[in-house]
Structures are given as C-alpha cells and as structure tokens.
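I opened the notebook today to look through this structure one piece at a time. These entries record what I looked up.

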Amino acid sequence: MVIQNSLQRIRHPKVYLTLIAIGALYSIALSVKNPYWGDILTMTFLLGALSLSWNILGGYGGQFSLGHAGFFGIGAYTSTLLLIQYHVNPWIGMLLGGILAAAIGGVVFYPCFRLKGIFFCLATLAFQEVVKISAVHFRGLTGGAMGISLPFKAGLTNMMFQGKTGYMLISLSFMIIIALVTLAMERSRFGYKLVALREDEDATETLGISTSRCKLLATMISAFFAGCLGTFYAHYSSLVDPHSVFDMMLSVEFVIFAILGGVGTVLGPILGAFALVPVDALMRGYLGQGQQGVSFFAYGMLLTGVVIFLPQGILSWISSPVNRLFQTLSGEKPRPEPRPDKIEAVAEKAERTSRLMTTASILEIAGVDKSFGGLKVIQSLDFHVREGEIVGLIGPNGAGKTTCFNLITGFEEPDSGKILFKGEDITGVKPPNRISKRGVARTFQIVKPLAGLTVTENVLAGAAERAGSIHEARVKSRKIIDLLGLWEFRDIKASSLTLGGRKRLELAKALATDPTLLLLDEVMAGLNPTEVEEAIRMIRRISSRGVTLLVIEHVMKAVMSLADRVVVIHHGQKICEGRPPDIIRDPGVIEAYLGKGYQYAEG
Amino acid sequence: MLKVEAIDIYYGDLHAVKGVSFQVEKDQIVSLVGSNGAGKTTTLNAISGLHRLRSGSIHFGEINISRRGSHQIVDLGIIQVPEGRMLFPEMTVMENLEMGCYSLRARRNFQDSLQRVIGLFPILAERKQQLAGTLSGGEQQMLAIGRGLMSQPTVLMLDEPSLGLAPFVVQEIIEVIKTIRQRGTSVLLVEQNVFHALSISDRACILENGEIVMEGKGEDLLKNEKVRKAYLGL
C-alpha cells in the first residue's frame, strides 16, 4: 500500500522532475574535477542552504533577521573548539553547534520579537556584531582576530577531503535536506501559522495562535541549520576567524538570495544563490584582473536590475510557464475540490428569545473602567451576555464599543473592574491568543485579512490550530468558506476581495476557531440592504449552531432583526438596555444615537 | 460636464467594468448603486486616473482626461474622497485640510476655502489641533469630505461616505451632500445606504457585474419594484 502510494506520487511531474533535477545536480557535483569550478559550486550550494535556513524565519515568518551570520559563526566555533580541545568528531560537533546556535537564537531573539520591522532588523544586526566582537576579544578561547586553523585529516568522518568532490556532495546534500524540511514545514499546520503571522500578527493572535511561540520555533529551526552549516564551512576552509564567519555581508547575502529568488518559497533561495554566486565569482575572476572594483559595480548593477524588473523575485517570473508545463506533462486538469453539502434552516426569533431568557450568562462585564491618557473611554460599564443570545452593542462613533471588544479579547487591559467568561475571571489575560483558546473569537472593524494569502489559507490558519490534522483542518475550512458564500473566491488572494468579501472573510476566520462566543465589529458596514439581509441570515445560521454573539453594528435594520437584546453605550457608559423595539423608542437613545429624523422602516 | 463613455477596465483577466457610460451635469447629484464587486469604486478610481482604461474615454468638459495623471485630474477640479476616509492620521485636522489645498490654484483660495469648510463642519474648527487619527468615525468622515472640498472642486466623488457611522451622523452627512450641491459642486456618489442615496440623487445608475443595468431619476428608481427587491431589501 505504502509502496503503491509512493509510486503513484512519483508519476506526478512535480515529483519526478524534482528527482531528475536532484539527480542532475549530484552528477554535476561528481563530474566536476576542476577545483576552481568545484569551489564555485560548493559555495553556491552552501550559500543556497544558508539562504534557505534564513528563509524559514525571514521568508515564511516575516521576521527579517540581519544576524544570521551570528548563528553560522557560533556553529563554526563550537564544533572547531570541541574538535581541537576535546577531539569531538566534527559530525557530532556539528549537531552540538547547531543546537547551541538554536538555543542562543531562542534566548536572544525571543525578547527582540517585541520589536517590529526595522527595529527587529537592527537588534539582530547588533546581536551579530556582539558575537563577532566577543570572538575577537576572548583570545584565549577563540584565537582572537587570527582565528583557529583546523588540522587537515582527510576522511568522511573528519568532514575533510582531497579535492572538492566531497565538499560539493555534502553541501549539496545539506541544501536538499533543508529544502525538504522547508517543504514539509510549508505543508504542516506550523507552516500555515507561521505565514499567517507574517501577514498580520493581531489577526493571527485572535485565531488563538501564539505568535511568539511560532516565531521562537522558526528561529530555532533556522538557527540550527545555519549553525550546522557553520561547521561545514569551518572544515571546508580549514580556518575559523571572526571576520569571515561573522561577516555582516554574509548575513546580507542570505537575505539577498532569498529576495532575488522569491522570498518565502522553497525554490526561491536556491534560485537566488544559483543566479548570483557563480556570477559574482566569475566576475571577480575575470573583471577583477582589470580595474579594481569593476566586479562590484557589475554585481550591483545586476542586483538593481533584478529588483527593478522582477520585484517579486525570479520565481514569480518563471512560475506560471512552469506550472503550465506541469499540467501538460501530467495531462490532468486541476481536480475540483469537493464542495460540502448544504446546510440547515433556522429557528424563529420569537421562540428563540423566550427560550434564551433562562440560560446562564456566558460573559459578564462588571464595573469596568478604561482611560487612555486623561480620556475616560469606558466608565463603570456593566452588562452581561447569556448563553446562546445575540446581543447588539450600539452607540455613537467614539462611544467605546471597539475598546470594549479590545478589553474582552486581551488587546487592552481594564484599569479596574472584572470580565468573566463562563464564570472564569479573564480580566487582563494576555496575549490575545489565550482568550481565543478559551473560545472567544472576534472580527476587526478595520478588517485584518492575511492579505498575501488566499481565502482558503486564511481560514486554514485558524482551523489548523485546533484540528487534529491538516486534512481535518482542510475539511473544516471548506465547510466554513461555503457557509459564508466565499466558495467561488476560495483561491483568490484576500487582498483582491472587495470590502464586503473581506468582511465575510473576517467572519470565516473567526468561525475557524470554533468559538463559543463571537464578537462581531461592524460586519455589515459597506453592504447594501439586500446584502445586509443575506448577512443577517448568515449570522442566524451561525447562532443556530450554538454560538453566542455580541454584535457592534450601525445598520439598525440588522440590529432590529438579529438582536435578542440591545445594550446602548454613550461616552463609555451604558445608557440603556433592553429589547430592540423598546430601545428605538427610548428618548435617550434617540437623542444620542438615532437622531430625531430616524424611522425604522428606512433601515 | 463629466462624461464617461463606454469604458472597459480589467484586473488582469477579470473584466471589472464593461462598457459603462454616464454623465454628471452641473449641480447634479449622481449615484452609482450596486452590490459589492459591481465595479463602482473601480469606476471612480478610473475617473481619478488610478486605473488605466482598456477602451472608452472620460471627458471633463472638452478635455479628454482618460490618459491624464491623477494629480492633473485633481488640478482640473475632480476630487475623490476615498472609501475608508484615508486621512493622514498622524497629522492634525488643520494639516489634513491644508493637504487638501495642495495645488497652486487651490492655495490662492486657501482662506476662502477654509471658511467654507468650517461653515459646513463647525466641529472641525474646534478640533483644529487634534490629530486626525484620534477623531471619532463621524468626525473623520467630515474631515475627509472637508479635505476634498478645500480645493473647491467642480466634481466631488464620494465613496461610501456613510460607512460605519451612527444613524444620526448618516443623516447629517446626507444633509451636507445636499448643501455641497447647492453651493455649486456636482457630486458623484457611491453609497450602500441605497435609500438615502436615491432619495437625494438627480440621476442614478444601477451597476451589476460591471454593467449598467438600469438608470433614471433617483425617485423613480426608488419606486422601481426590481430595485426595491434587489437593493433595498424590501
């Protein structure tokens, strides 16, 4: 059975072409005897592998590290010192170096994750410089700026060879192993979570995914491989010195190759290294003999050219012809995904509301205050939501409704008061993923789609956290996507949806987390009255599955027909609470919110 | 005055706007109505010069503006107030208004424009020094419209001005749109609050999947059975 399955897979052109490519690379490595070319190929494979390891954190996770040469050097020094002082076999030393790099990476980068964007970059750059300076400074251990020479003893166990063939084979194998690990990661639940956090951290947190844990794991995998490769490099050049292994330009190169080839893809970094390393070496060889610096100039021009003409990387340029080739070769059309069966009708509102009067409260807000600076945004707010209810939260713009959601979901902490969910105190529980894990999901008023991902991938990221397997997560995502009428758009990038589509995607992502309580922040905005009707039906369907809803909405038509109960807030205080028909007759509500000209009929 | 003729717009292979034609005359409010994804915002963006036309033309008076850059179109007096306001959140209210008065032609009339805008939205004068990002939703929308009016446009295009606003603020905005027209600026309106939009429009076009399927006087469309069913949910 297993053999049959793998035979089936090999028939797919993606698989056999990859195998052919790998075979071709190995035969090239075996046939090249010229040491000059051997060196170029070894460096290409090595830098390709390093760029791939950077890509795990930088490309998939979106954490732009400029300090990866630090991990590379830590690995190189660790195994070299172990070898020289304790005669530890370099292969074991390599693993230990990788593990140490991963550990240091975890400890140093974890606090840096609080920094965003360019500041994270700077911190990682500083990390690398600190390691480099330490290596220069602690002469007794590291040999200072002179570095440490490794004695030459040929043999596979010593990771040293006569000629270049052995090195080529090892570096190529490293590159392939890291590529396969990346590929496996890309398709795993961890991979989806990692990519999700790259697109939007807040949104990912509300899916119940601990972004800091994902980043930590990615750092450690990434640093581990960079560390292992450091050992290989030390043996290849039989010298470790701070200025070559901790070189800032080296860190920059990892990044450049990945960007050039296609960041956040398996093939990108490899393509980048294959395109640039040989060109760089050759230009240095030929142009370098003439005017000094001409090779740098040409290299710079080449880079600039690629960035201008192929801003998405080489891979984006070749991917559509390659995909077409795959389709012709396999001779099959892309298989349509099975669409789930249609779903049930919904209970009448009147009968619902009376039944709900008796259930226990699931969310309780008790005497909550919140100020920003001197401004009191929420003032001794009290209200509760019963299990199974749909409660509308309305009030003028700036009344504190969204802040209220932020307090419940752990984005903000109340100054005083208590928030209870299912009887448990969740006041000030942070970060937001811990609230989400308890079963509270939310949407954002300013929608936060994972813009670079498709609709399916958006939903999958949330489903992956809870499902037992990736397959289970896929099945569940399909159901949710269909439920929300996004089926036709499932393979479209979230960024190209219209506002209405993005609002529905917010809902889909929230539902993917299996919430017991769902907080909706203006999901009806930007819909026309007929679309509002559809959305109302959709929310009823969600409610009929046993989800409790707290809904911020300005579209009164939706509030009137959905809500079992309405809470009105104004200047952060509750001014009224009750059934929808009573609310719209309340003089206070008309004064503060509806306006005198309001008529319910016009919606 | 503004004449859109048989324009086609594509996103890659997707035919988003299909042969749409309509006109905005002086002192008119014209509405584009339709579901999400019908091509309303795309049409506004095309008029502003943010999308290239595959075919068709857009004329402003005698001038063909279909190949002009956005800043040139702004200079001619066609201003778009985008969906979602797109203010400069880290700038003060005053600075945002100044940004709306950027072109040389507009700058000469700065004081005059400012007085008019403040006349329309007195709250903006009170909030002059406040950062735009800290305003409430309704105030932000007023600022966005105010910024659009600072260059004294001939045509003001409003993309969903009532988005995310409390009911009484929506009523205020609708009143403001009427006042803007009275003061001599034509308005091209995209609005999901179809009831309000149609009731103040001189003309309206209903867009479905990138095509105009119906057009007429606002009041007439409001009474039309199809429109009531498809867009008013009645």
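Entry 1, the sheet of chain B. In which sense do strand β1 and strand β4 of chain B pair, and over how many bridges? Bearing in mind that this is a predicted model, I found that β1 of chain B, residues 2-11, and β4 of chain B, residues 55-60, are paired in the antiparallel sense over five bridges. As one point of register between them, I noted that B:E5 has B:S57 in β4(B) as its bridge partner.

I then turned to the other neighbour of β1(B), which is strand β2 of chain B, residues 14-24, and this pairing is antiparallel as well, over seven bridges. Within it, B:I7 stands opposite B:V20 of β2(B), and B:Y11 has B:L14 as its bridge partner. The two strands β1(B) and β2(B) make a hairpin with two residues between them, and in the turn I looked up B:G12, whose phi is positive at about 60°.

Putting the strands in order, I wrote down β2-β1-β4-β5 of chain B, an open sheet of four strands with antiparallel pairing. At its edges are β2 and β5 (63-64) of chain B, each of which pairs on one side only.

Entry 2, chain A as a whole. I counted nothing by hand here, and took the computed secondary structure of chain A, which comes to 26 helices and 12 strands. The C-alpha atoms of the chain fill a box of roughly 90 × 60 × 50 Å along the principal axes, and of its 603 residues 47% are buried. When I considered the contacts in chain A with a separation of 6 or more, I found that 72% of them join residues 24 or more positions apart.

Entry 3, a buried helix. Why can helix α18 of chain A be called largely enclosed by the rest of the structure? The helix spans residues 401-408, and eight of its eight residues are buried, so α18(A) is largely enclosed. The buried residues in α18(A) include A:K401 and A:N406 as well as A:F405, A:L407 and A:I408. After the helix comes A:G410, for which I noted a positive phi near 85°.

Entry 4, two packed helices in chain A. I next looked up how α3 of chain A, residues 35-60, lies against α11 of chain A, residues 211-237, and found an angle of about 165° with the axes 8 Å apart. Angles over 145 degrees count as roughly antiparallel, and α3(A) and α11(A) are therefore roughly antiparallel to each other. Their crossing is left-handed. On the α3(A) side the residues that meet the partner helix include A:L46, A:L50, A:W54 and A:L57, while on the α11(A) side A:I221, A:F225, A:L229 and A:F232 are among them. By class, the residues of this contact divide into 15 nonpolar, four polar and no charged.

Entry 5, where the chains meet. How many residues does each chain bring to the contact? Chain B brings 23 residues and chain A brings 27. On the side of chain B that touches chain A, at least two residues each come from α7 (137-149), α8 (167-182), α9 (194-200) and α11 (225-231) of chain B. Of the elements on that side, α8(B) gives the most, with four residues. I closed the entry with the classes for the side of chain B that touches chain A, which are 11 nonpolar, 10 polar and two charged residues.

Methods: Residues numbered from 1 in each chain as written. Chains lettered and ligands numbered in written order. Predicted model: local features only at pLDDT ≥ 70, side-chain atom pairs only at ≥ 80, totals over all residues. Pairing = 2+ DSSP bridges. Buried ≥ 20, exposed ≤ 12 C-beta atoms within 10 Å, placed from the backbone. Contact = placed C-beta atoms within 7 Å. Nonpolar A, V, L, I, M, F, W, Y, C, P; charged D, E, K, R; others polar. Axes fitted to C-alpha atoms, helices over the stretch in contact; angles between N-to-C directions. Parallel < 35°, antiparallel > 145°, perpendicular 65-115°, else oblique. Left-handed = near helix turned anticlockwise from the far one by under 90°.
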